[in-house]
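Here is a short tour of one protein chain, written for someone who likes to have the model open while reading. Take a moment to turn the structure around before you go on.

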Amino acid sequence: MIKVNAQVVYFSNSGNNERLAKKIAAYYTITATPIVPVNAYPTSYAALTTQAKRERFRHVEVPIRPLELKMDTSMLILVSPIWYADLPRPVVTFLKQLQRSYQRVVFISDKFMVGFGTCGRTLRKYLPATTIIEKVAASRGNFSPIMATLGSLRGCDISL
């Protein structure tokens, strides 16, 4: 069992990223906290993509429910899909409202089709300049890239 001085925060609309976040949290014996929009997204794929596109390109502020974050962690593991080549707007709201800093932020997405798009730029915009940002493309059947990235992070109190 590996312990990390981290917290998992995730956004998931379909459940794929929720399962991934909970798998990571269970493996590292840490908690997984969801980012939950105040108003649920549509269940219809067409309606969801229309709304997500509108939010993304009009920079809509999507209200989210309050999150309880641990204050004694040095690493944030952020799990989220990539919508229209960027972070979904509820994740952007979370980053804007973040009241603390982390030594490292590891962004993990299982919806990795054509790359991270502008996700890195968006993370950099809302995180302190001193924060180290790692990005990991997850695949459903292969957990090893995540473990390799998290296991290689020095200075984050990772121990066997």
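In which sense do S1 and strand S2 pair, and over how many bridges? In this predicted model, S1 and S2 (residues 32–34) run parallel, and 3 bridges link them. One of the matched pairs is Val 8 of S1 with Ala 32 in S2. Between these two strands the chain passes through helix H1 (residues 16–27), and the resulting β-α-β crossover is right-handed.

S1 also pairs with strand S3 (residues 75–79), again in the parallel sense. Here there are 5 bridges, and Leu 78 of S3 is the bridge partner of Val 9. The two pairings look like this side by side:

| Strand pair | Sense | Bridges | A bridge partner pair |
|---|---|---|---|
| S1 and S2 | parallel | 3 bridges | Val 8 and Ala 32 |
| S1 and S3 | parallel | 5 bridges | Val 9 and Leu 78 |

Is S1 itself buried or exposed? All 5 of its 5 residues (residues 6–10) are buried, so S1 is largely enclosed by the rest of the structure. In a regular strand, side chains alternate between the two faces of the sheet. In S1, Ala 6, Val 8 and Tyr 10 point one way, while Gln 7 and Val 9 point the other way, and all of them are buried.

Stepping back to the whole chain, there are 5 helices and 5 strands. Read from the N terminus, they follow the order β-α-β-α-β-α-β-α-β-α. Of the 160 residues, 48% are buried. Among contacts between residues at least 6 apart in sequence, 81% join residues at least 24 apart. The chain exposes about 8,300 Å², with carbon and sulfur atoms supplying 53% of that area.

Now for the inside. The largest nonpolar core has 25 residues, and those with the most contacts inside it are Ile 35, Leu 78, Leu 87, Phe 94, Phe 107 and Leu 123. At least two core residues come from each of helix H2 (45–58), S3, helix H3 (89–97), strand S4 (104–109) and helix H4 (119–126). H3 gives the largest share, 4 residues. A second, separate core holds 19 residues, including Val 4, Leu 20, Ile 24 and Tyr 28.

Leu 87 is a good residue to click on. Setting aside neighbours within four places in sequence, Leu 87 is in contact with Val 92, Leu 95, Phe 107, Cys 119, Thr 122 and Leu 123.

Note on methods:
Residues numbered from 1 in each chain as written. Predicted model: local features only at pLDDT ≥ 70, side-chain atom pairs only at ≥ 80, totals over all residues. Heavy atoms only, no water. Buried < 20%, exposed > 50% of the residue type's maximum accessible area, 1.4 Å probe, protein only. Contact = heavy atoms within 4.5 Å. Areas by Shrake-Rupley, 256 points an atom, 1.4 Å probe, with all protein chains shown as cover. Pairing = 2+ DSSP bridges. Right-handed = clockwise from strand over helix to strand, strands pointing away. Core = buried A, V, L, I, M, F, W, Y, C linked by side-chain atoms within 4.5 Å.
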